Amino acid sequence: MSTLPAQRLTVEPDTPAPQPKAKFDLRAAARKIAEGELGSVRVLLVLMFIWIVFSIANDRFLSPVNLSNLALQIAGMGTIAVGVVLVLLLGEIDLSVGAVSGLAGGIMATTSVLRGWPAWMAILAALAAGAVIGLVQGTIATRLQIPSFVITLAGLLAWQGALLAVLGSNGTVNITDPAILALAGTFLSPAVGWGLAALSIAVIAGGELLQRRRRSAQNLEVERAVMLVVRVGSIGAAIVAGTAVLGSDRGVPLSLLILIGLVLLVHGLLRWSAFGRHVYAVGGNAEAALRAGIRVNRVRILVFMLASTMAAAGGILLASRLMAVNQNSGASDLLLLTIASAVIGGVSLFGGRGTVWAALLGAVVIGSISNGMDLLALDSSVKFMVTGAVLVTAVSFDAITRGRRRAHGRL
């Protein structure tokens with residue numbers, strides 16, 4: 001009797017089925033915009049509306065000269081707003097960023113002009129002062145469990161007084177160092193501008209493709225290729241248009257590139273580092289983050305340090321543009337405008353939601369409103385009321401979308 005050879009049974013390991021590619025759903029996109037999930041799209045639509053209105057009211061609004069001036073105006077404010085975004089992601093607030101920017105500008109100006117320090121030393125001294133201020137305020141607010149708005153409100157008063165002490169009897173210090181003035185006074189040549197534009201588009205496209213490949217390798221949902229092409233193409237078109245417009249005047253301002261570089265740096269920190277994930281975790285639910293082993297106090301202190309350092313960097317750019325520092329530096333409506341930039345850009349006041357790109361988008365919106373009203377020669381009273389109304393609208397929309405997300409269980 002013959003026996004059949006035993007057959008080896010092999011069991012194939014279970015492999016997850018690939019997820020279907022996402023299809024574009026107009027209703028779903030509209031719902032995401034309404035609930036604040038596509039905040040950047042909402043802001044771009046608002047910005048488009050603002051530009052159309054002001055271009056109709058004044059034909060000089062979209063001229064290359066005016067857009068170059070707009071880029072210079074938002075550089076310092078947008079840099080400060082980057083730090084404000086970080087604090088808001090924690091659900092906190094920093095009311096001292098305006099005063100810190102003025103004090104940093106005063107330290108840079110006095111050390112450069114009155115003490116003869118080289119530009120790099122004066123700038124480093126100003127940035128170090130901002131970092132120390134953030135360390136002090138963050139430590140007090142965190143360790144003593146004092147609300148951040150109280151500590152930073154006290155800081156607002158204290159650092160304004162420190163600026164008066166730094167300036168002394170001079171009152172105003174005119175900056176003369178060419179290296180410091182070059183921060184706001186340098187415009188790139190067309191060749192350099194187009195080279196940086198091409199590099200930026202290549203980096204953005206490469207990053208999107210890399211992310212898509214990683215998600216596909218992990219069998220996660222990926223968007224349709226046409227949507228990727230549309231998004232990258234839109235960004236590329238905006239970069240090309242901006243480079244062409246600015247190049248037709250004086251060129252791409254160096255200060256604008258500094259702002260964009262800082263935005264990219266902080267964006268990478270929030271998106272790709274453990275620290276960035278911890279910031280969102282603490283802002284979303286500090287108690288849960290603490291139970292997960294995150295050192296909540298350290299995250300908060302570091303965020304306040306970064307915010308004050310960004311405020312100092314913004315003060316340096318503002319001082320370079322104005323070519324002087326006086327007793328009113330960092331005062332007036334600067335604090336309002338930086339907070340408004342972050343909130344209008346899509347950062348939630350309740351913490352845990354938003355991106356650092358909000359600082360750039362919001363600064364463009366606020367700067368466009370201010371610039372357009374200046375061209376129309378409107379009174380300062382009207383400018384304050386309009387800016388305040390825009391801020392209230394953005395905060396109200398944030399509260400409404402938060403309620404909708406909570407109702408649908410997505411908070």
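Glu287 is partly exposed, with a relative accessible area of 43%, in this predicted model. Its side chain forms a salt bridge with Arg291, and the closest N and O atoms of the two are 3.4 Å apart. Arg291 counts as exposed, at 70% relative accessibility. Both residues belong to helix α12, which covers residues 286-291, and the four residues that separate them amount to about one turn of the helix.

The Glu287 pair can be set beside the other salt bridges. The whole structure has four of them. In one, Arg300 meets Glu92, with an N to O distance of 4.0 Å. This pair joins distant parts of the chain: Arg300 is in helix α13, Glu92 is in the loop between α3 and α4, and their positions lie 208 residues apart in sequence. The two partners fall into separate accessibility classes because the limit for burial is 20% relative accessible area. Arg300, at 18%, is buried, whereas Glu92, at 21%, is partly exposed. Another salt bridge connects Lys383 and Asp374, whose closest N and O atoms are 2.8 Å apart. Asp374 is partly exposed, with a relative accessible area of 41%.

From the charged pairs the description moves to the nonpolar interior. The largest nonpolar core contains 90 residues, and those that touch the most other members are Val82, Met108, Val279, Val299 and Val303. Helix α3 supplies the largest share of this core, 14 residues. Val279 can serve as an example of the packing. Leaving aside residues up to four places away in sequence, Val279 touches Leu89, Leu90, Leu270, Val299 and Val303. Two of these contacts, Val299 and Val303, are themselves among the core residues that touch the most other members.

Empty space is the remaining topic. The second largest pocket holds about 760 Å³. It is lined by 32 residues, of which Leu318, Arg321, Asp333, Leu334 and Leu337 are the closest to its centre. Several elements give two or more residues to this lining: the helices α3 (64-89), α4 (97-113), α13 (296-322), α14 (334-344), α15 (357-375) and α16 (380-407), together with strand β2 (324-326). Helix α3, which gives the core its largest share of residues, thus appears in the pocket lining too. Helix α13, where Arg300 is located, is also on the list of lining elements. By class, the lining is made up of 14 nonpolar, 14 polar and four charged residues.

Definitions and conventions
Residues are numbered from 1 along each chain as its sequence is written. This is a predicted model: local features need pLDDT of at least 70, side-chain atom pairs count only at pLDDT 80 or more; totals for chains, interfaces and linings use all residues. Side-chain values use heavy atoms; hydrogens and water are left out. On a 1 Å grid over the protein atoms alone, a cavity is a set of points where a 1.4 Å probe fits but cannot get out, and a pocket is an open set with protein on both sides within 12 Å along at least five of seven lines; lining residues have an atom within 4 Å of a point. Grid points are joined across faces, edges and corners, and a volume is the space filled by probe spheres set on the points. Ala, Val, Leu, Ile, Met, Phe, Trp, Tyr, Cys and Pro count as nonpolar, Asp, Glu, Lys and Arg as charged, and the others, Gly among them, as polar. Buried means under 20% relative accessible area, exposed over 50%, partly exposed in between (1.4 Å probe, protein chains only). A nonpolar core is a set of buried Ala, Val, Leu, Ile, Met, Phe, Trp, Tyr and Cys residues joined through side-chain atoms within 4.5 Å. Contact means heavy atoms within 4.5 Å.
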